[in-house]
Amino acid sequence: MNPEYPNVTFLPPELYMNQRQEKELIVHILKGHQDKYALIVEKYKGPVFNLICRMTGNYQDTEDLAQETFVRAYESLWRFNTKKRLFPWLCAIGLNLTRNHLKKKGRDFTAPNQEAIASDRDNPEELIVRQQEADRLAQCLGKLPIRLREAVVLRYYQDLSFEEVSEILEISLSAAKMRVYRGLEKLRELMAP
Amino acid sequence: MQDEFRHMIRIARNTQQLIPPDDFTHRVMGRISAPRQNFFFKIKGILSDIPSSWEGKFPQRKITGTDCSLCFLAAGYFYFIMGIVFIFGLKKIHAEMAIPRWIMLQPQFVLITAFAFISLGVLLTKKNILAIRAAYFITLSYIGIVLINGMIAYKFCAIIPISILGTLCLTSAGILMGVFLSTMLRRYHTYFEKVQQI
């Protein structure tokens, strides 16, 4: 867990530690134990759902796309390289579907209902300000080009490392850093009053 | 970079996570169990991935050693029958007209292919990586030989228009057979490696 942001619970450490178990699970599924796939869905539905929701800004579309992501992943599971981690692969599938969906749908983006995480120190006024900031950021995020948006979402909303971002987006590490930087810069421009 | 954008990053990281619906997993599993009925999806699947679509949905898609072995045995049996038909067919035609020597050798080629495929089919039952590699190498060589044989046969057949068509059909069928077998082998190899990792 990131000590600076203790509330970020997207990728608990066990997701990384249980890679061997995950491999075993995938082999079981490949051998025909279809029901075991529910464990994978259960484990990753939160991160995948959030990723897609930050990208689309629409809860209903997110539900459909997240479901489709897991169905597609299941259908292509036999192609998955078990030497790699499953989560980036799922993210890549989800993002591909989301990109196609956004291209079809155009730039219709409504920020999902943002709720800033309240801490004990916050008074109600501070909480409202933070809530407004989160809403504003999400609105501006929706105005970013898809390529920049996905880089920013993966890095800061999903709290993934640059290496993981580059792996998911299938770009070099330096290109991932550059894309995130450009995304942040653009966001700052959009956030400026 | 972090200092410049620290405030925005803090907002992003402190944003509450969205929770998927309670029945999300149940719905995904429901969609996996029930095959899709969309006709265009199936057509797209067939066009984009013909061999896997033949195998149906994912649980049936995995190619085991037995599946692969059966394909090779079936291909071998097919070539064996084809070789027999060629031997008698060409003998009959040869009695009526002169046939180039290269064409007369085709039944032997077909029977050698039949023997090779049947041997590979037996070898693949051993579920051994060397068997898979050997089968893959021989199948790729087979595709090359079919192509070369087709080009040579075409030179001999150029004088009879109908035989050109026959040569083209047999060559393309041979190449398709080779592609199909090599695809099966590749899938079996993928599955084999996954199982071996445990």
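This report describes the helices, the core and selected residues of a predicted model with chains A and B.

**Overall make-up**

Chain A contains nine helices and zero strands, and its elements from the N terminus on run α-α-α-α-α-α-α-α-α. Chain B comes to 10 helices, again with zero strands, in the pattern α-α-α-α-α-α-α-α-α-α along the sequence. The table sets out burial and contact range for each chain.

| Chain | Residues | Buried residues | Contacts (separation of 6 or more) between residues 24 or more positions apart |
|---|---|---|---|
| Chain A | 193 residues | 38% | 66% |
| Chain B | 198 residues | 26% | 72% |

**The nonpolar core**

The largest nonpolar core holds 77 residues. Those touching the most other members are A:V48, A:I52, A:L90, A:V152, B:C68, B:F72 and B:Y188, a list with names from chain A and from chain B. Helix 3 of chain A, residues 37-56, gives the most to this core, with 10 residues. As a general background, nonpolar side chains tend to be buried together in soluble globular proteins.

A:V48 can be followed further through its contacts. With neighbours within four places in sequence left aside, A:V48 is in contact with A:A66, A:T69, A:L90, A:C91 and A:G94. Of these partners, A:L90 is also named among the core residues that touch the most other members.

**Helices of chain B**

Helix 9 of chain B covers residues 129-157, which is 29 residues. The distance from its first C-alpha to its last is 41 Å, close to the 42 Å expected at 1.5 Å a residue. Which residues of this helix are buried? They are B:A131, B:I132, B:A135, B:I138, B:T139, B:Y142, B:V146, B:A153 and B:C157.

Helix 6 (residues 65-96) and helix 8 (residues 106-124) of chain B pack against each other with their axes 7 Å apart, at an angle of about 160°. Because angles over 145 degrees count as roughly antiparallel, helix 6 of chain B is roughly antiparallel to helix 8 of chain B. The crossing of these two helices is left-handed.

**Selected residues of chain A**

A:R99 belongs to helix 5 of chain A, which spans residues 86-105. A:R99 counts as partly exposed because it has 14 C-beta neighbours inside 10 Å. Its C-alpha atom is separated by 9.3 Å from that of A:E150, a residue 51 residues apart from A:R99 along the chain.

Two loop residues of chain A have a positive phi without being glycine. In A:D159, phi is near 60°. A:D159 is placed in the loop between helix 7 (146-157) and helix 8 (162-169) of chain A. Is A:D159 buried, partly exposed or exposed? A:D159 counts as partly exposed, because it has 18 C-beta neighbours inside 10 Å, and a buried residue needs 20 or more.

The other loop residue is A:E170, whose phi is about 55°. A:E170 lies in the loop between helix 8 and helix 9 (173-191) of chain A. With 10 other C-beta atoms within 10 Å, A:E170 is exposed, since the exposed class takes in residues with 12 or fewer.

Note on methods. Residues are numbered from 1 along each chain as its sequence is written. Chains are lettered from A and ligands numbered from 1 in the order in which they are written. This is a predicted model: local features need pLDDT of at least 70, side-chain atom pairs count only at pLDDT 80 or more; totals for chains, interfaces and linings use all residues. Helices (H or I, at least four residues) and strands (E, at least two) are DSSP runs, numbered from the N terminus. Two residues are in contact if their C-beta atoms, placed from the backbone, lie within 7 Å. The expected span of a helix is 1.5 Å times one less than its number of residues. A nonpolar core is a set of buried Ala, Val, Leu, Ile, Met, Phe, Trp, Tyr and Cys residues joined through C-beta atoms within 7 Å. Axes are lines fitted to C-alpha atoms, for helices over the stretch in contact, and angles run from 0 to 180 degrees between N-to-C directions. Angles under 35 degrees count as roughly parallel, over 145 as roughly antiparallel, 65 to 115 as roughly perpendicular and the rest as oblique. A crossing is left-handed if the near helix is turned anticlockwise from the far one by less than a right angle, and right-handed if clockwise.
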